[in-house]
Amino acid sequence: MQLSKIRMPLFIIATILFGIKTYVVYRFMFDLSIENSMQEFILFVNPIASAYLIFAISVWLNPKRQMKYLRWTSLIGSLILFVNLIFYRNFTDFITIPVLFQGNNAADLTGSFLTLIHFEDVFIFLDVAVIWYLSKQRFGLSVNLPGQGKIAATAVTFLLLAGNVVLAEIERPMLFVRTFDREYLVKNIGVYNYHLYDASMQTKTKAQRVFADGSEISEIESYLDENSPDGQAKDDELYGIAKDKNVIFVSVESFQNFLLDSEVNGTETTPFLNDLKESKDTIWFKNFYHQTAQGKTSDSEFIVENSLYPLGRGAVYFTNAQNEYNALPEILNEQGYETSVFHANNKSFWNRDVMYDNVGYDEFYGEQSFQVTPDNSFGWGLEDKAFFEQSIKYLQAQEQPFYSKFITLTHHFPFELPEEKANIDQYDSGSKTLNHYFQTARYTDESLEQFFQQLKDAGLYEDSIIVLMGDHYGISEYHNEAMGQFLGKEINGYEHIQLQRVPFMVHIPGYEEGGVREEVVGQIDVKPTLLHLLGIDNKNDLTFGDNMFAKDRKDFIAMRDGSFVSEQYIFTDGVCYDRSSGEEIPEEEAKACQPIKKKADQELQYSDNIVYGDLFRFYDFDQ
């Protein structure tokens, strides 16, 4: 046989090119942690197996359709990889089907999207160009296999996939049970098989509501009674201290605790918040953690309003906005409060217009309620100073007492601020995102100081309590190297969890007994805490959070990915750390983390069951 007659089929060439390309992207463009040689081998094998699965289907088509199929599948597969990379750079996470249903957010993400595209991304499409070129008829790279040949080619697909799954289970036992850890799924089975798995999970969760009958409620009730025995703690001196006062709740976008007391070139980043947390009228919870997932700001709202956990996939505000809830605004409405939200963004973003109505807000002051001009807007929209200034007239018009939630915009990724508005230097690191982060944080700090003065001028300050809370992280794991430079330490699992602390300050004018609280608390605890301060006894509620001031309270807070923080331990990514020292606990002693880990997983599962099954429709909160 002449050598010129020996040709490698295009579907094999495509498998090799696409598989190697995907491995390189996994290894060098995603920030996937590789802990051992087995993980490295699996990371190399799974894109080859996935590529063969995609391209081997072509052997069942005639030569012309084969070439067309290979061209378009290589392009579509590359686009899927590219979009996941862009998403990962922003959220250090992978896309899920529920996230795709949040598509009406896309119009607001254009500016952020462009900052996430890198020049080297063109590499992702180089193999596509080669495949399209080689698919021309003159190269004759199609195959016409007999029936047995087609079956044999397809059988190889199942052998490769089976081998991949076996290796993955050896490296990470119970991989498909630990579905909250999407990075492990991608590392072990690849992004394409992960998306197939995600689709099966979506089908399962959608069916959960249909088959729910409410029988699980009693089990959840018993668990909460046993693990939150002192949720209201009415004998505490702070019970009812804010009774009949207005509540002004400010959700401060992307604000993390490490900003407090920080400096850039000798200039304080947050001088106002630094002073506020030391004020006698302020209670600052130093160890307050955000607990959001893919829903980011909407997740923080959901947690605060309901004391339930967010979902591991997508945002409750989209996936389950029509459920029955017993939300904070509904409870306050029953107590005679007028409830409102102020956010200078379009009302459909995060499906807020639907969710807010369902959870009982009386009024939503969205983008249309504000005068937005080129002079007072940049980045994501209306700047915070103009936002607060224009909100005062609406606050004054509300019937008191009121509960009003403010959601800021300026300190939002990609944290870009016009030069003339910056009152602090940019940081100098390899991360453009971190460099900008301090400038927008300083601007928001100035905005909050101005807002406090405006409340005083409007006569609203003395009759209100003001709660400030960071909604979620601003700097993701993708920027760990730059964060390590700023903090002067390596960002390991322990430090990553500690970076999830966000400001939580309760400012009570005239209180003068404030101070720093060291308790481990989180967003899940906000709802029962606010009800406690307002003197509202809601003993029939079902919440996974506790009043932060209670002495006998749950001894941990859980993160959506299964990590947890307790008074003694921090557990994340399978490693148990001593919370006070940050030292990794030896494996033989790390068993102390397992009972808490079991409870954390149980709470996440119970909360998911409530949301996916819409279980509150079976529960009478007035009983």
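**Exercise 1. Determine which way the side chains of E15 point, and whether they are buried or exposed.**

Solution. In strand E15, Tyr 569 and Phe 571 point one way, while Ile 570 and Thr 572 point the other way, and all of them are buried. The general background is that in a regular strand the side chains alternate between the two faces of the sheet. The model is a predicted one, and the values below are computed from it.

**Exercise 2. Work out the order of the strands in the open sheet that contains E15, and find which strands stand at its edges.**

Solution. Step one is the order: the open sheet is formed by four strands arranged as E13-E14-E15-E16, with antiparallel pairing. Step two concerns the edges, where strand E13 (556-558) and strand E16 (575-578) each have a single partner strand, so that one side of each is left without a neighbour in the sheet. From one strand to the next, the twist averages 15°.

Step three goes through the pairs. E13 and strand E14 (residues 564-566) run antiparallel and are joined by three bridges, with Phe 564 of E14 serving as the bridge partner of Ala 558. Packed on the sheet is helix H20 (residues 594-613), which touches E13, E14 and strand E15 (569-572), and whose direction makes about 45° with that of E13. Between E14 and E15 the antiparallel pairing extends over two bridges, and a hairpin through two residues connects these strands. Four bridges hold the antiparallel pair E15 and E16, which likewise form a hairpin with two residues between them, where Asp 573 in the turn has a positive phi of about 55°.

**Exercise 3. Trace the bridge partners from Ala 558 across the sheet, and state which residue of E16 is reached.**

Solution. Begin at Ala 558, whose bridge partner in E14 is Phe 564. Phe 564 in turn stands opposite Phe 571 in E15. From Phe 571 the path continues to Cys 576, the bridge partner in E16.

**Exercise 4. Find the disulfide partner of Cys 576, and establish the handedness of the bond from its torsion.**

Solution. The partner is Cys 593, and the S to S distance is 1.8 Å, which lies within the cut-off of 2.5 Å used to assign a disulfide. The count by this rule comes to one disulfide. For the handedness, the torsion about the S-S bond of Cys 576 and Cys 593 is about 45°, so the disulfide is right-handed. Since Cys 576 lies in strand E16 and Cys 593 in the loop between E16 and H20, the pair ties together parts that are 17 residues apart in sequence. Cys 576 counts as buried because its relative accessibility is 4%, and Cys 593 counts as buried because the value there is 0%.

**Exercise 5. Locate the cis peptide bonds that precede Pro 401 and Pro 414, and the positive phi values of Asn 351 and Phe 415.**

Solution. The point of reference is that most residues other than glycine have a negative phi, and most peptide bonds are trans. Gln 400 and Pro 401 are joined by a cis peptide bond with omega of about 0°, and Pro 401 is found in the loop between helix H15 (384-397) and strand E9 (402-407). The bond from Phe 413 to Pro 414 is also cis, with omega near 10°, and Pro 414 belongs to the loop between E9 and helix H16 (432-457).

Phe 415 is placed in the loop between E9 and H16, and its phi is near 60°, a positive value in a residue other than glycine. At 1% relative accessibility, Phe 415 counts as buried. Asn 351, although not a glycine, has a positive phi of about 60°, and it is found in the loop between strand E5 (338-342) and helix H14 (352-359). Asn 351 counts as buried as well, because its relative accessibility is 15%.

**Exercise 6. Describe the surroundings of Thr 73, and explain why Thr 73 counts as buried.**

Solution. Thr 73 is part of helix H3 (residues 63-91). Its relative accessibility is 16% and it therefore counts as buried, the cut-off being under 20%. The side chain of Thr 73 reaches the backbone oxygen of Tyr 69 at 2.6 Å. When neighbours within four places in sequence are left aside, Thr 73 is in contact with Ile 54 and Phe 55.

Methods: Residues numbered from 1 in each chain as written. Predicted model: local features only at pLDDT ≥ 70, side-chain atom pairs only at ≥ 80, totals over all residues. Heavy atoms only, no water. Buried < 20%, exposed > 50% of the residue type's maximum accessible area, 1.4 Å probe, protein only. Polar contact = N/O pair within 3.5 Å; in protein donor to acceptor, adjacent residues only side chain to side chain. Contact = heavy atoms within 4.5 Å. Pairing = 2+ DSSP bridges. Axes fitted to C-alpha atoms, helices over the stretch in contact; angles between N-to-C directions.
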